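User: I would like to go through the labels used for this structure and ask what each one rests on. Please set each value against its cut-off.

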Amino acid sequence: MDKNNIKIGIIGLGCRGISMLESCLLERQYLTFTAVCDVCEDRMEQAADIIEKARGIRPLMFADYHDMLKCGIDAIMIFSAWETHIPVSVDAMKAGIAVACEVGGAYNLDQCFELVKVYEETKTPIMLLENCCYGRTELMVFNMVKKGLFGDVIHCEGGYRHYLAYEITRGEENCHYRLRNYMNRNCENYPTHELGPIAKILNINRGNRMVSLTSTSSRQQGLNEFAAFEKGPDHPLASYPFAQGDVVTTVIRCAHGETITIVLDTSLPRYYSRNFNIHGTKALYTEDNRSFYFFGNEQHEKHDFVWEKEWGNEKEYRAEHEHPIWKKFLEEGVQGGHDGMDWLELNAFFDALVNGKEMPIDVYDMASWMAITCLSEESIARGSAPVAIPDFTNGMWTMRKPQECF
Ligand SMILES: NC(=O)c1ccc[n+]([C@@H]2O[C@H](COP(=O)([O-])OP(=O)(O)OC[C@H]3O[C@@H](n4cnc5c(N)ncnc54)[C@H](O)[C@@H]3O)[C@@H](O)[C@H]2O)c1
């Protein structure tokens with residue numbers, strides 16, 4: 001592969017594909033946009049127009065990704081529907097094409113094992129594009145945990161708390177995958193935005209691992225009410241028996257006794273939050289008020305009334321504890337979507353790809369994080385029963401070294 005001319009193919013040119021193309025990919029002069037693929041012809045044409053305008057050459061267009069895998073690309077960027085992520089990743093790795101795959105959840109454990117098996121057989125580079133691992137706050141907290149400021153981290157919380165009723169109930173009009181998933185499945189369907197940064201903090205698959213979970217779902221009502229309000233009470237979605245509960249709470253237990261709570265909360269009105277909370281023996285970070293609390297300092301001893309004055313103290317710690325990735329990013333100029341996280345995750349992918357480094361969010365992370373979805377589905381179906389989380393590293397987690405950076 002010529003590192004100054006990496007030939008990429010993009011699958012999935014919906015909202016995310018177009019936005020990544022425009023805000024994070026086209027500016028990278030070392031990329032050649034060889035091909036685009038989408039089952040929806042309009043979206044493919046739109047992407048081809050954008051690429052042609054920016055680069056002067058129209059990419060090849062494919063409705064079937066299998067054809068795109070034969071057209072000479074070095075890497076595939078997967079921005080398509082959840083159901084496609086693992087099948088496309090597996091086929092691309094078999095074809096020796098490096099994979100950068102958007103986030104979602106797995107549909108069964110077999111496909112997670114297949115993902116790992118094909119990687120181990122082919123060693124084709126693959127990275128899960130979990131942009132939230134590159135969030136400014138998440139990386140600063142990771143840095144502070146590494147410095148020992150939290151003592152031992154015992155409990156973490158996260159959530160995907162994003163009111164998506166409009167997007168979900170417009171699934172027919174937008175050919176969007178969320179609608180069919182919410183109609184048919186009840187699970188923690190989008191675990192990785194919050195779990196990814198927490199897994200990095202807890203050294204999951206590197207000296208630690210997730211061993212079991214329980215998931216509990218509320219009933220569903222939010223989407224019916226929203227559909228009745230938006231489309232009228234006689235619209236089929238106003239009374240459709242959605243399988244997906246409005247709020248799904250999953251508790252994960254790790255090998256060394258740490259616990260992680262993650263919450264999927266996408267159908268009831270609310271503000272956006274990833275509910276990032278990291279609780280150690282010496283400190284707490286809470287997204288509730290974007291603050292750190294340290295054991296043994298003045299705030300702690302004087303209790304809550306003093307803590308209130310510290311409301312939003314996160315910024316005060318940046319000068320000392322900003323993660324080096326973000327220090328450099330701020331100096332160079334933050335760019336790309338989602339406050340820069342999208343840019344940084346692609347930097348990490350292409351850097352690992354051209355320099356032959358280990359992918360920072362690797363196949364074991366991808367399989368174990370995505371498996372939470374199908375395992376939560378099983379737990380809910382069995383009345384919130386505990387479910388074992390497989391060790392996708394086959395024991396290697398006991399020997400793999402924690403990451404200092406990713
Ligand atoms: N990391 C983030 O912050 C972030 C943000 C938004 C979306 N996403 C992820 O990006 C992905 C896409 O989300 P979106 O909102 O753009 O969805 P979307 O529905 O707007 O786009 C998905 C596209 O994939 C295409 N597609 C589906 N199956 C295909 C197949 N077999 N072959 C070719 N094309 C196919 C669809 O036609 C559609 O154009 C999802 O995995 C989502 O979770 C991530």
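User: Why does V247 count as partly exposed?

Analyst: A residue is buried if 20 or more other C-beta atoms lie within 10 Å of its own, exposed if 12 or fewer, and partly exposed in between, with C-beta atoms placed from the backbone. V247 has 19 C-beta neighbours inside 10 Å, so it counts as partly exposed. This is a predicted model, in which local features need pLDDT of at least 70 and side-chain atom pairs count only at pLDDT 80 or more, while totals for chains, interfaces and linings use all residues. Residues are numbered from 1 along each chain as its sequence is written.

User: Where is V247 found, and how far is its C-alpha atom from that of L353?

Analyst: V247 belongs to strand 9 (residues 247–254). Helices (H or I, at least four residues) and strands (E, at least two) are DSSP runs, numbered from the N terminus. V247 and L353 are 106 residues apart along the chain, and 38 Å separates their C-alpha atoms.

User: What makes G72 and G333 exposed rather than buried?

Analyst: G72 has 12 other C-beta atoms within 10 Å, so it is exposed. G333 has 7 other C-beta atoms within 10 Å, and therefore it is exposed as well. G72 sits in the loop between helix 3 (65–68) and strand 4 (75–78). G333 is in the loop between helix 15 (324–332) and helix 16 (341–355).

User: Which class does T84 fall into, and why?

Analyst: T84 is partly exposed, because it has 19 C-beta neighbours inside 10 Å. The loop between strand 4 and helix 4 (85–94) holds T84. From T84 to G12 it is 72 residues in sequence and 9.6 Å in space, C-alpha to C-alpha.

User: What is notable about the phi of N275 and of H338?

Analyst: Most residues other than glycine have a negative phi. N275 is not a glycine, yet its phi is positive, near 50°. H338 is not a glycine either, and its phi is positive at about 50°. N275 lies in the loop between strand 10 (259–265) and strand 11 (277–280), and H338 in the loop between helix 15 and helix 16. N275 has 17 C-beta neighbours inside 10 Å, so it counts as partly exposed. For H338 there are 16 other C-beta atoms within 10 Å, so it is partly exposed too.

User: How do you know that the length of helix 17 (residues 363–381) agrees with its number of residues?

Analyst: The expected span of a helix is 1.5 Å times one less than its number of residues. Helix 17 has 19 residues and should span 27 Å; its end C-alpha atoms are 27 Å apart, so the two agree.

User: What is the bend in helix 17, and where is it centred?

Analyst: The kink is about 30° and is centred on I372. The bend at a residue is the angle between axes fitted to the seven residues ending there and the seven starting there. Just after helix 17, G383 has a positive phi of about 70°.

User: Why is helix 17 called mostly covered?

Analyst: Of its 19 residues, 17 are buried. Helix 17 also gives the most to the largest nonpolar core, 11 residues.

User: What makes up that core, and why is it said to lie between two domains?

Analyst: A nonpolar core is a set of buried Ala, Val, Leu, Ile, Met, Phe, Trp, Tyr and Cys residues joined through C-beta atoms within 7 Å. The largest has 108 residues, with V99, L115 and A367 making the most contacts inside it. Domain 1 (6–132) and domain 2 (136–332 + 361–398) both give residues to this core, so it lies between them. The domain bounds come from an automatic or database domain assignment.

User: Which residues come nearest to the ligand?

Analyst: G12, G14, R16, S80 and A81 come nearest, out of 26 residues around the ligand. A residue counts as near if its C-beta atom, placed from the backbone, lies within 6 Å. Each of the two domains supplies at least three residues to this shell.
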